[in-house]
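Here are some exercises on spaces and contacts inside a protein model. Try each task yourself before you read the worked solution.

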Amino acid sequence: MQLDSKIPEGKLEDKWRNYQVTSQLINPANKKKLNIIVVGSGLSGAGAASTLAELGYDVQCFCYQDSARRAHSVAAQGGINAAKNYQHDGDSVWRMFYDTLKGGDFRSREANTYRLAELSAPLIDHFVQQGVPFAREYGGVLVNRSFGGVQVQRTFYARGQTGQQLLMAAYSQLYKMVRAKKVKMFPRSEMLDLVVIDGKAKGIIVRDLVTGELKRYAADAVVLATGGYSRVFRLSTLAIGCNGSALWKAHKKGAFFGAPSFTQIHPTALPQSSEAQSKLTLMSESLRNDGRIWVPKEEGDTRKANDIPEEDRDYYLERRYPSFGNLAPRDIASRAAKERIDSGYGVGKLKNAVYLDFRQAINKFGIQTIQDRYGNLFKMYKKITGIDAYKEPMQISPAAHFSMGGLWVDYELMTTIPGLYAIGECNFSDHGANRLGANSLLQASIDGYFILPNTINDYLAGAIKEEHTATNHPEFEKAEKEVKANIDKVLKINGTKTVDHFHRELGKVMWQECAMSRNKKGLEKAIEQIKMIRYKFWSDVKVTGSSNELNTELEKALRLADFIELGILMCTDALERDESCGAHFREEFQTEDGEAVRVDDKYSYVSAWEYNDGDFKLHKEILEFEFVKPSVRSYK
């Protein structure tokens, strides 16, 4: 299959405008005749559902939470980027575009990345009009701070709860449309399959999580806004319910999976404290604006942090990356922490953490300023650990976080299945091999509010002439039977091991072999190990309860079955790419001082994997850089 990214002609700064000028439109009367399913109600899903409904489309929105307010977008705390140059520090759309392209190690499309930067400024105005309480200077001007990988201040924030405030704004817009009866909301509903008819996405099969009933829903187009898949590592910063099942079901029905091994390890999470833990807590990257990261200079130093004098501290990010210091990009900061921990300089009970110290910032700015900037984060840290970070350093550690990979989409955000769109974190679109901090809320919002409502018209203009599909179509019947058979198969195993046992085993393999660093031998071993976990899961898992009731064990089992297959694809993708780029660090491809070695002449492409009945087949979207010449990614 030939991949067509549909990038518009013209100068980089003209492409989005050229697209909008030439794309098809649908008159308001016809929009009322068209139905769109949106799966997911976070920032991208709520933004898309509310905007599409405002335009006149009939929208059905699904989420597995009990309320759209509980979407995981709430957890992105630090801020949202925009090229407004309020600080007059040299920022611009071009600089933001270049920072993002470079931050992703030149493994994303120029046109998509530029559009992200271009639409960032109007998005802030959009949120201000919705009432988001961004931090302001004394005179009322919105204030900015820095995030990793940049040398300007372009991050807008609402203390340490930016994601929560943005989600509340999106939720308000969504429920305004629900109240107007333009959106029908289906909470506690999980998509378990995609229905494809004559090669086009025409609906979904959903399980009511309260009653267990399987239901069919038809539409003229389906939009997936279901977030990332880093729970494949089990221990991650994601909520327990976050999963990749909607993506995986779409992948098995023909949607190519783009760059699956590009997953981000966040450098600023709370360290694992026991085997029984089920998730890790994220501490916002914004803390690295004022906090200094260090470890003791002496290996195995057992002194308390405050007893270690300045001359015995190694501020290793400032030492290794003087131009960016503690605001080095996430992949670089995470690998640097891992190197120190693995070398015996880790701190904490399990020696698996580093220090994040605010003593200098408190002395310089005063404790009130630090409380104003990060107060809720410090409260959260104390609630979890019992430690007052105003008085002694936080302990932080790298943790699985964001998925740069996702379903392959073109410039219109449509997958390789016509009529199926993927927006927000569940597509591969904008970030390349590494996402810069504060670009997550940005991409999710722009995809949902600004891009999809403009691009989906091009496809739906043709759908007006087609006969609307009913849920009694044989393909709906077939898909529902397959879902039911899969559920019955899981329940009938009645083995001896819990779902969590197998997820823990999968997580250990993925973290060891396909996380911050990878190598050929380890990836080959991981694929075999995961295949063995898959065999044992399908022969020895025990799922209690039945399918016709609220059954969280069944939910976990169905999601884990997809994670296991996804884990094999992630390792396959990492094994195929013989280079180091961004978060994909192959140990065989590094400089003498441990920096990544990219191989542009062979791997300047986006890997797009076809499911192919489980025998994954690679397709390549060659990346052509018309406006920027890829350079060695250095932050020194």
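**Exercise 1. How much space lies in the largest pocket?**

Before you start, know what you're looking at: this is a predicted model, where local features need pLDDT of at least 70, side-chain atom pairs count only at pLDDT 80 or more, and totals for chains, interfaces and linings use all residues. Residues are numbered from 1 along each chain as its sequence is written, and side-chain values use heavy atoms, with hydrogens and water left out.

Step 1: get the term straight. On a 1 Å grid over the protein atoms alone, a pocket is an open set of points with protein on both sides within 12 Å along at least five of seven lines, a cavity is a set where a 1.4 Å probe fits but cannot get out, and lining residues have an atom within 4 Å of a point. Grid points are joined across faces, edges and corners, and a volume is the space filled by probe spheres set on the points.

Step 2: read off the volume. The largest pocket holds about 840 Å³ of space.

Step 3: look at the walls. There are 33 lining residues, and Arg70, His72, Val74, Ala239 and Ile240 are the closest to the centre of the pocket. Two elements, α12 (367-385) and α17, give two or more residues each to this lining; helices (H or I, at least four residues) and strands (E, at least two) are DSSP runs, numbered from the N terminus.

**Exercise 2. Find the largest cavity and describe its lining.**

Step 1: count. There are 4 cavities of 30 Å³ or more.

Step 2: size up the largest cavity, at about 790 Å³.

Step 3: check who lines it. Of 47 residues, His72, Ser73, Gly227, Gly228 and Glu425 lie nearest the centre of the largest cavity. The largest share of that lining, 4 residues, is from α13.

Step 4: sort by class. Ala, Val, Leu, Ile, Met, Phe, Trp, Tyr, Cys and Pro count as nonpolar, Asp, Glu, Lys and Arg as charged, and the others, Gly among them, as polar. That splits the lining of the largest cavity into 19 nonpolar, 23 polar and 5 charged residues.

**Exercise 3. Which helix gives the most to the lining of the second largest cavity?**

Step 1: note the space, about 100 Å³ in the second largest cavity.

Step 2: scan the lining, which includes Arg231, Asp500, Arg559 and Phe563.

Step 3: pick the helix. The answer is α17, with 4 residues.

**Exercise 4. Is Ser245 buried or exposed, and what does it touch?**

Step 1: place Ser245 in helix α8 (residues 245-252).

Step 2: check the surface. Ser245 has a relative accessible area of 3% and is therefore buried; buried means under 20%, exposed over 50%, and partly exposed in between (1.4 Å probe, protein chains only).

Step 3: list the contacts, meaning heavy atoms within 4.5 Å. Leaving out residues up to four places away in sequence, Ser245 touches Leu558, Arg559 and Asp562.

Step 4: zoom out to the helices. From α8, Ser245, Trp248, Lys249, His251 and Lys252 meet a set of α17 residues that includes Arg559, Glu565 and Leu569. By class, this contact has 4 nonpolar, 2 polar and 5 charged residues.
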